[in-house]
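Colleague: I'm new to this one and would like a close look at a single part. Could you take me through the pocket that ranks second by volume, and then show me what else is worth seeing from there?

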Amino acid sequence: MFDLLKKKVSSFVNSITNKAEEKIDLNLSLETKAKAIFSNEIELKEKDVDDLLENLEMSLLESDVAYEVSQEMVGELKGKLVGAKFHKGKVKDEVKNLLKSELESALNVESKTLLELVKSSPQPFVILFLGPNGAGKTTTIAKLSVFLSSHGLSSVIAASDTFRAAAIEQIMEHGKKTNTRVIKHDYGADPAAVAFDAINAAKASKAAVVLIDTAGRQDTNLNLIEEMKKINRVVKPSLKIFIGESIAGNALLDQISKFNEAIKVDAVILTKMDCDAKGGSSFSITKGAKIPILFVGLGQKYEDLTPFKPSLIVDAIFGNN
């Protein structure tokens, strides 16, 4: 996981370390060299890091970090590196810790966890799921029902994808396997009506959460976008979660932005992260869209849905997972 970004970040840390310790680069400023002779600390100047930061920006772009986000991250890192003092013999560890802190900061969007949201809100807590075709939305909803159940919270699923062939059968099968009640109508039925009935069923059974599945749609499909807006108006969800693939690359931020314009997105779940060789998508979401990531999918089993933490991503990049 994240092999490309892991390699690029490691290369950057090693390059900065070598530059600071004057081991391989002869272009270090004379002022820094003079200070290094009489001090246990090494201070980097702007000219010492410019080329390395430019390379890092290219590495972030290659790792699916959006262009504007890459520029912002590198600019902030430059502000921390230039003028920073590193102790001789500890440069690599100190540079690594600085970079870890910056990456975690880029991934941190202040928000409550899903459990905190559910427990602090009127019930049933209604979640509307949306996203493009093939991102794993239906399976993720089933995983989330298992997660909620493991924390003592019952849920009802609304089979509001009445558009895609076999969608209702798929969610019914998940419901059977996860012991979660599913409310369905026939294909072609009004998705908003299905969601409305699911909410009433949850109220009657005192279920804590309603999980509304919807048809996968591209932001260019105007009819399905209008349908999504109608569901939002009818059910007035407590939370709207975009489900997208971690491996979608730079298209992911554009998808989220378009959905956010149509119907405000509150949070994101990233699927297929275990298959992501690059690793930059999460930075584009948190730093670019300023939207929190609640969970990441790390496998095919129902239990393979993990609450998102910045340290989860950063540890994977630095090989600590």
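Modeller: Let's start with Lys137. Skipping the neighbours within four places in sequence, Lys137 is in contact with Phe129, Leu130, Gly131, Asp213, Thr214, Ala215, Gly216 and Ile243. Keep in mind that this is a predicted model. Lys137 belongs to helix H7. Is Lys137 buried or exposed? Its relative accessibility is 7%, so Lys137 counts as buried, the cut-off being under 20%.

Now for the pocket itself. Lys137 is among the residues nearest the centre of the second largest pocket, together with Asn133, Gly134, Thr138 and Arg164. The lining has 15 residues in total, and the space comes to about 200 Å³. Which element gives the most to this lining? That's helix H7, residues 137–150, with three residues. As for character, the lining of the second largest pocket has eight polar residues, four nonpolar ones and three charged ones.

Stay with helix H7 for a moment, and look at Phe147. Phe147 forms an aromatic pair with Phe295, and the two rings are edge-to-face. A pair like that is described by the distance of the centres and the angle of the planes. Here the centres are 4.9 Å apart, with 75° between the planes. Phe147 sits in helix H7 and Phe295 in strand S9, so the pair ties together parts that are 148 residues apart in sequence. Both of these phenylalanines are buried.

The structure holds two aromatic pairs. The other one is made by Phe242 and Phe259, again edge-to-face, at 5.4 Å centre to centre and 65° between the planes. Phe242 is in strand S7 (residues 239–245) and Phe259 in helix H11 (residues 251–262), so this pair links distant parts of the chain, 17 residues apart. Phe242 and Phe259 are both buried too.

Strand S9 takes us on to another open space. The largest pocket holds about 300 Å³. Of its 18 lining residues, Ser111, Thr113, Ile293, Leu294 and Phe308 are the closest to the centre. Two elements give two or more residues to that lining: helix H6 (114–119) and strand S9 (293–297). Strand S9 has the largest share, with three residues. Sorted by type, the lining of the largest pocket has twelve nonpolar residues, four polar and two charged.

What about closed space? Rolling a probe the size of a water molecule over the atoms shows where empty space is left. How many cavities of 30 Å³ or more does the count give? There is one, and about 140 Å³ of space lies in it. This cavity is lined by 14 residues, and the closest to its centre are Leu56, Leu60, Met73, Leu99 and Leu103. Helices H1 (3–20), H3 (46–62), H4 (67–81) and H5 (91–107) each supply at least two lining residues. Twelve residues of the lining are nonpolar, two are charged and none are polar.

One last stop is Lys100. The charged end of Lys100 sits over the ring of Phe318, 5.3 Å from the ring's centre.

How values were computed:
Residues numbered from 1 in each chain as written. Predicted model: local features only at pLDDT ≥ 70, side-chain atom pairs only at ≥ 80, totals over all residues. Heavy atoms only, no water. 1 Å grid on protein atoms, 1.4 Å probe; cavity = no way out; pocket = protein on both sides within 12 Å on 5 of 7 lines; lining within 4 Å. Points joined across faces, edges and corners; volume = space filled by probe spheres on them. Helix = DSSP H or I, 4+ residues; strand = E, 2+ residues; numbered from the N terminus. Nonpolar A, V, L, I, M, F, W, Y, C, P; charged D, E, K, R; others polar. Buried < 20%, exposed > 50% of the residue type's maximum accessible area, 1.4 Å probe, protein only. Contact = heavy atoms within 4.5 Å. Phe/Tyr/Trp six-rings, centres within 6.5 Å; stacked < 30°, edge-to-face > 60°. Lys NZ or Arg CZ within 6 Å of the ring centre and 35° of its normal.
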